[in-house]
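Reader: I would like to go through this structure in order, from the overall fold to the cores, the sheet and the contact between chains. Could you take my questions one at a time?

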Amino acid sequence: MLELIPVLLISITIVFFMVRLAPGGPFTSEKSFPAEAIERLNQHYGLDKPILVQYGNYLLNLLKGDLGPSFQYPSRTVNDIIKETFPVSLELGALAMLFALSIGLLAGIVASLKPNTLQDHMPMGLAMTGICMPSFVLGPLLILVFGLWLGWFNASGWELPSDRVLPVITLGAAYAAYISRLTRGSMLEILPADYIRTARAKGLSEATVIFKHTLKNALLPVVSYLGPATAGILTGSFVVETIFNIPGMGRMFVLAAFNRDYTLILGLVVFFSLLVVVFNAVVDILLGLLNPKLRMHA
Amino acid sequence: MNRFTFLAILLLLSGCAKRETPVETGNREKILHLGNLSEPKDLDPHVVTSVSAGNVISALLEGLVAEAPNDPSLKPVPGVAESWTVSDDRTVYTFRLRANAKWSNGDPVTADDFVFSYHRILSPAMGSPYAYMLHLLKNGRAYNLGTIPDFEQVGVKAIDSKTLELTLENPTASFLSQLKHWSWFPVHPPTILKYGRMDEIGTAWTQPGNFIGNGPFILKAWRQNQSIVVQKNPLYWDADTVSLNEIRFYPIGDHKIEERSFRAGQLHVTGTVPLDRVQYYRENKPELLRLDPYLRSYYYLLNVKKAPFNDVRVRKALAMAIDRKKIANFVTRSGEQPAYSFTPPFIGSYKPPMLFSTDVEAARKLLAEAGYPNGENFPATTLLYNTSDLHTRIAEVVQQMWKDNLGIDIELENVEWKVYQERRKNRLYDIARAEWVADFADPSSFLDVWLTDGGNNHAGWSSARYDDLLKQAASTDDSSEQNALYAQAETILIGEQPIIPLLFLPSKSLIQPSVKGWNPSILDHHPYKYIRLEE
């Protein structure tokens, strides 16, 4: 967890200066407004001060947990925007993760039980397709079939509970596919092990053998994959949020970059970095719980 | 597959019958679903600049004058003001406010509220981008720039609680039409002061629950990047006319997603139509497609401070070598009209001069006279535009026409939106695509762009005579005389050709048949109080 501080400081510094290098500023607009108006806005947001002073002020405010005002949305602070958009991304991400895990594990287990038969090739073929198909292809395809042809779901938005279905599948599909391959692989490694044969010899039911003895150990690579997968789902959600017009943090991030909303870009970078570090730490702890070897090592 | 999984899947599928779409529910419950393109920055009329914010604000607030439901000429009709008188010298307007005009909390709308609002937008500390609209007022500009510290000297006065007197710097024929712009709308003073100082931007007053308006609708919910919901205001003075119970504005920036949402029955009216879908709707579902004339002029900007564009013959040659009809009929194909002037030919009675046409022979001759026969030795030139399907298509065909007709090679340069704006503003281009959308229905909303001190005059072109003509036109009250002055000014502009007019773009939308009262408007304004939904 301690690496958090240098990681944050480096990302803030890079982003702080990089966004200001991009041509155009937060108040550049299609119609030019009087120079005095722009000057007033710059004063209002402290953008008229020397850049190092701005940097210092930003860090001081950050220590107080204040990410500053948004330039694009004057009536909201960056903290407000994160408070409003993060729960949306979290819901989407968590549901996608749940979907990925349930479908992925199930397919992996089913495939590993009868390797190299149709029961293996079917789900694994699907998984391969899932891994290869980018979300910007899968999303519109699902919308076309289930939204426009069958008329079961809305084509965009985040208003109804049913609006969650298509985005969650779109976001979770690739991860489900990857998890199923991981699960199958490690299941196949463990199933021939001596202790599994012992378990069967003791007369345990097949379900106990698979779910209690095999799966627990087969899960290790899946759990270590969860850290990067969570980060990927969070940072990758912007594509899905854009395709389905979901008011989440990923889409906000993209809009902020186009709008040159300096504080909002920075605030989201800080928040994303925090999230990634925290999730990695959580995964480390989970792995320790599952694998005594790692615990002893630590 | 065993029997159980089969049954489970069957159950799942049977649960997913075709749903009732939001449009169907909306028709029944009188809820209008609108595509609103982008997320408004704010809902403060003294802060915002975008059309999408203006759309929402026009539901929440009402100015002194308003728009009639179906009047293509957009003649101002009484709004909060039930009547007005104008002094003989056309500089003093006295408005009589309606006795029954109320704020959504029940307070009466008073003349003092307007004084407060105009004081607020003109306050230098607000830095309001549209404050310049109020520079029409006597001393409005001076107060806004801080040269006069005393607001008493600005031409805004409350004679009594229901009588408002506005004094103009100069007689301005388009004044009443300009009053329809949201920068002239009132705000509720106690609400502003409850959440901050008068001249403070970004306070919480625009949030749902806090917002007090005087328009036909009140703000119910604002979920950022998701939707803005307004519902009927029972205290609005003309509430009987309002048929809708609710309007929901959706900020869908991607035109393709918006069109898909329309097809899925989620939107009654879209903000636009993707370029490559127009043809499909025209051929298959023409009843859903609307292409209406709009005050939007699409043109190329020439950097007249730079060779070879400092030579008017080169500028004219480039303009004459483009076949605009071909572009409109075979490339963009969405109801565009060829443009040979900067001002569209459908603002009131004004008919812009037609000073040139497509004439390849004449263009070649002019180019040769300028020293580039058959395009030889023509300096390397780039055409700058921001990333968009429309701009790319037009740029590519213009590039080809210049090559075929004049023998010159132009390079295309496609950049991101803010980069483009920055380069255009600092005149770092040879040729740049540009467009202008009018703020109010008057030729001056177009022609004022090219004033010497015009903030949007990015061509670097200037003419004292042009400035003078527009000044004269502004203070003329006779419309035929005024049109003549505008035409003279535009003749100078197009004669010197710092810009190449290309197309007049229409307003494009997809609209469900259940929407009634959505009439064509050259400003793309559709007063929501007159919109009805049929089941």
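Reader: How many helices and strands does the secondary structure of chain B come to?

Author: The model is a predicted one, and the count rests on its backbone. Both kinds of element occur in chain B, whose secondary structure comes to 17 helices and 20 strands.

Reader: What radius of gyration does chain B have, and why can it be set against that of a compact globule?

Author: Chain B holds 535 residues, and for that number a compact globule would have a radius of gyration near 24 Å, so the rule gives an expectation with which the model can be compared. The C-alpha trace spans about 85 × 70 × 35 Å along its principal axes, and buried residues make up 49% of the chain. The value for chain B agrees with the expectation, at 25 Å.

Reader: Which helix supplies the largest share of the largest nonpolar core in chain B?

Author: This core has 99 residues, and those touching the most other members are B:Val56, B:Ile57, B:Leu60, B:Leu97, B:Val230 and B:Ile247. Seven residues of the core, its largest share, come from residues 111-122 of chain B, which is helix H4.

Reader: How many residues are in the second, separate core?

Author: This core includes B:Tyr294, B:Leu366, B:Leu493 and B:Leu523, and it is separate from the one just described. Its membership comes to 68 residues.

Reader: Which strands are at the edges of the six-stranded open sheet of chain B?

Author: The pairing in this sheet is mixed, and its order is E13-E17-E12-E16-E14-E15. Within it, E12 (residues 296-302) and E16 (residues 431-437) run antiparallel and are joined by seven bridges, with B:Leu301 having B:Ala432 in E16(B) as its bridge partner. An edge strand pairs on one side only, and in this sheet the two that do so are E13 (337-338) and E15 (410-415).

Reader: Which helix packs on the sheet touching E14, E15 and E16 of chain B?

Author: The helix in question covers residues 417-425 of chain B, and its direction makes about 130° with that of E14(B). It is helix H14.

Reader: Which helix of chain A gives the largest share of the side that touches chain B?

Author: The contact takes 39 residues from chain A and 41 residues from chain B, and the residues on the side of chain A divide into 18 nonpolar, 14 polar and seven charged. Helices H2 (35-44), H4 (78-113), H6 (135-149) and H10 (249-259) of chain A each supply at least two residues of that side. The largest share, five residues, comes from H2(A).

Key:
Residues are numbered from 1 along each chain as its sequence is written. Chains are lettered from A and ligands numbered from 1 in the order in which they are written. This is a predicted model: local features need pLDDT of at least 70, side-chain atom pairs count only at pLDDT 80 or more; totals for chains, interfaces and linings use all residues. Helices (H or I, at least four residues) and strands (E, at least two) are DSSP runs, numbered from the N terminus. The radius of gyration is taken over C-alpha atoms; the globule rule is 2.2 Å times the number of residues to the power 0.38. A residue is buried if 20 or more other C-beta atoms lie within 10 Å of its own, exposed if 12 or fewer, and partly exposed in between; C-beta atoms are placed from the backbone. A nonpolar core is a set of buried Ala, Val, Leu, Ile, Met, Phe, Trp, Tyr and Cys residues joined through C-beta atoms within 7 Å. Two residues are in contact if their C-beta atoms, placed from the backbone, lie within 7 Å. Ala, Val, Leu, Ile, Met, Phe, Trp, Tyr, Cys and Pro count as nonpolar, Asp, Glu, Lys and Arg as charged, and the others, Gly among them, as polar. Two strands pair if DSSP finds at least two bridges between them. Axes are lines fitted to C-alpha atoms, for helices over the stretch in contact, and angles run from 0 to 180 degrees between N-to-C directions.
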